[in-house]
Amino acid sequence: MRAVVLTGFGGPDKLEYRDDLPDPQAGPGEVRVRVGATGINNTDIWTREGAYGREADSAQSGWQAGGFAFPRIQGADVVGRIDAVGEGVPVERVGERVIIDPALYVGAEAGLATTPYLGSERDGGFAELVTVPASNAVRLETELSDAEAATFPTAYATALRMLRRAGLEAGECLLVTGAGGGVGSALVQLGVLRGATVVAVTTGAKRDWVLGLGAAAVVDRSEGDLLQQLLATGCPPPAVVADVVGGPLFPDLLDLLAPFGRYVVAGAIAGPLVQTDLRTVYLKQLQLIGSSMAAHEEFAALVDLIQAGSLKPLLARAYPLDQLRKAQADFRMKDFVGKLVVTVSAPGP
């Protein structure tokens, strides 16, 4: 089969396009999926760079330290059709269109904290074929193309879990950072669906696009005091801040929160090491919540929203498989809105 193989930690040069790899075989309880399209995520870049290692030991690692090995086929956000099943899986599933839940844990939700992830600890979807546990291949019935559907899995499942863990309720104000990116734009859409008033932090260049997703107001992170900008919108102090940026913005976000507010974080693209005044946390009685990926139940809820047509796919660009290096390089530039996707076989419902 054709695939792009990651041969080591490093830059795009570590991605090797191959057309001579053996076809994977579905084991017991597994299905094999012929890939239509696979979305690109920050996780792909950070895994390639080994960025999940902790600063304390300067180690490089994939999503779960100790579970990553080369060569590895990346790609977590897979849409395609089942073309073979392993022992114990009904043969009637062959031909079924599916979207893959990339969290590979089994059992209770507690397993999510240490789960292997598709494209990190197990070969993923930057390939013509991928095998996964049958329960991770979720039936998908939608008129969206494979490329459009592949914009959803990681970004929207991550956003959905963030808002559920923060307990966002209708009528509350939600502040979203990084609103022009994959998870941020998903947070905007999902926050609006939950009946929240959404204030989005992004750049001026993406302002109109984010407003088009339903945000009530946009704050330009490059234009100074966030508090003054928030006050100028007429929106109240947010009950929830959903952050995927981190870095120097962190203390300002806590200052912005209303008393008894909830700060939920699922990313640190501006830097993982932050400082703040703990008195802000305890005097305002804030909750600080960590979140990543999504439980299987939450992924199923996301698929329901996709099939109901409640979410807008934000497909920015699609690339053929042999251009994955360019796609990842373009992803790092962040000069697009929405999601980048790699198409593998002919797209379509």
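# A tour of the predicted model

Start by selecting strand 6, residues 129-133, which gives three residues to the lining of the second largest pocket, the most of any contributor. The model on the screen is a predicted one.

**Stop 1: the second largest pocket**

Keep strand 6 coloured and add M1, P22, P24, I73 and D123. These five lie nearest the centre of the second largest pocket, among the 14 residues that line it. The space inside amounts to about 160 Å³. What kinds of residue make up the lining, by class? Nine are nonpolar, two are polar and three are charged. Rolling a probe the size of a water molecule over the atoms shows where empty space is left.

**Stop 2: a cis peptide bond**

Next select F70 and P71. The peptide bond that joins them is cis, with omega at about -5°. To place P71, look in the loop that runs between helix 1 (42-49) and strand 4 (77-85).

**Stop 3: the largest nonpolar core**

Clear the selection and pick Y156, L174, L187, V188, L302 and I306. Within the largest nonpolar core, which has 48 residues, these six touch the most other members. Several elements give two or more residues to this core: helix 2 (146-149), helix 3, strand 8 (173-176), helix 4 (182-193), strand 9 (197-202), strand 11 (240-243) and helix 9. Helix 3 supplies eight residues, the largest share.

Now centre the view on L174. Leaving out residues up to four places away in sequence, L174 touches L163, L168, L187, G191, A196, T197, V198, V199, V240 and A242. There is also a second core, separate from this one, with 36 residues; A3, I40, F68 and V132 are included in it.

**Stop 4: helix 3**

Select helix 3, residues 153-166. From its first C-alpha to its last, helix 3 reaches 20 Å over 14 residues, close to the 20 Å expected at 1.5 Å a residue. How many of the 14 residues of helix 3 are buried? Twelve are, and the helix is mostly covered. Show the side chains of P153, T154, A155, Y156, A157, T158, A159, L160, R161, M162, L163 and A166 to see the buried residues. After the helix comes G167, with a positive phi near 65°.

**Stop 5: G178 and T202**

Move on to G178, in the loop between strand 8 and helix 4. G178 counts as buried because its relative accessibility is 16%, and buried means under 20%. Leaving aside neighbours within four places in sequence, G178 is in contact with G184, S185, V201, V244 and V245. For a distance to draw in the viewer, join the C-alpha atoms of G178 and L160: they are separated by 15 Å, with the two residues 18 apart along the chain.

Then select T202, in strand 9. T202 has a relative accessibility of 2%, so it counts as buried. Not counting residues up to four places away in sequence, T202 touches A179, G180, V210, V218, V219, D220 and R221.

**Stop 6: two residues with positive phi**

Select F260, in the loop between helix 7 (250-256) and strand 12 (262-265). F260 is not a glycine, yet its phi is positive, at about 65°. Go on to M293, in the loop between strand 13 (287-290) and helix 9 (296-307). M293 is also a residue other than glycine with a positive phi, here near 55°.

Is F260 buried or exposed? F260 counts as exposed because its relative accessibility is 53%. For M293 the value is 5%, so M293 counts as buried.

**Stop 7: helix 9**

From M293, go forward to helix 9. The helix has twelve residues and reaches 17 Å from its first C-alpha to its last, close to the 16 Å expected at 1.5 Å a residue. Show E298, F299, A301, L302, V303 and I306, the buried residues of helix 9. What covers these buried residues? The cover includes strand 5 (97-100), strand 7 (137-139) and helix 3, so add these to the view. L302 and I306 were also selected at the largest nonpolar core, among the residues that touch the most other members.

Finish at G309, which follows helix 9 and has a positive phi near 75°.

Key. Residues numbered from 1 in each chain as written. Predicted model: local features only at pLDDT ≥ 70, side-chain atom pairs only at ≥ 80, totals over all residues. Heavy atoms only, no water. Helix = DSSP H or I, 4+ residues; strand = E, 2+ residues; numbered from the N terminus. Buried < 20%, exposed > 50% of the residue type's maximum accessible area, 1.4 Å probe, protein only. Expected span 1.5 Å × (residues − 1). Contact = heavy atoms within 4.5 Å. 1 Å grid on protein atoms, 1.4 Å probe; cavity = no way out; pocket = protein on both sides within 12 Å on 5 of 7 lines; lining within 4 Å. Points joined across faces, edges and corners; volume = space filled by probe spheres on them. Nonpolar A, V, L, I, M, F, W, Y, C, P; charged D, E, K, R; others polar. Core = buried A, V, L, I, M, F, W, Y, C linked by side-chain atoms within 4.5 Å.
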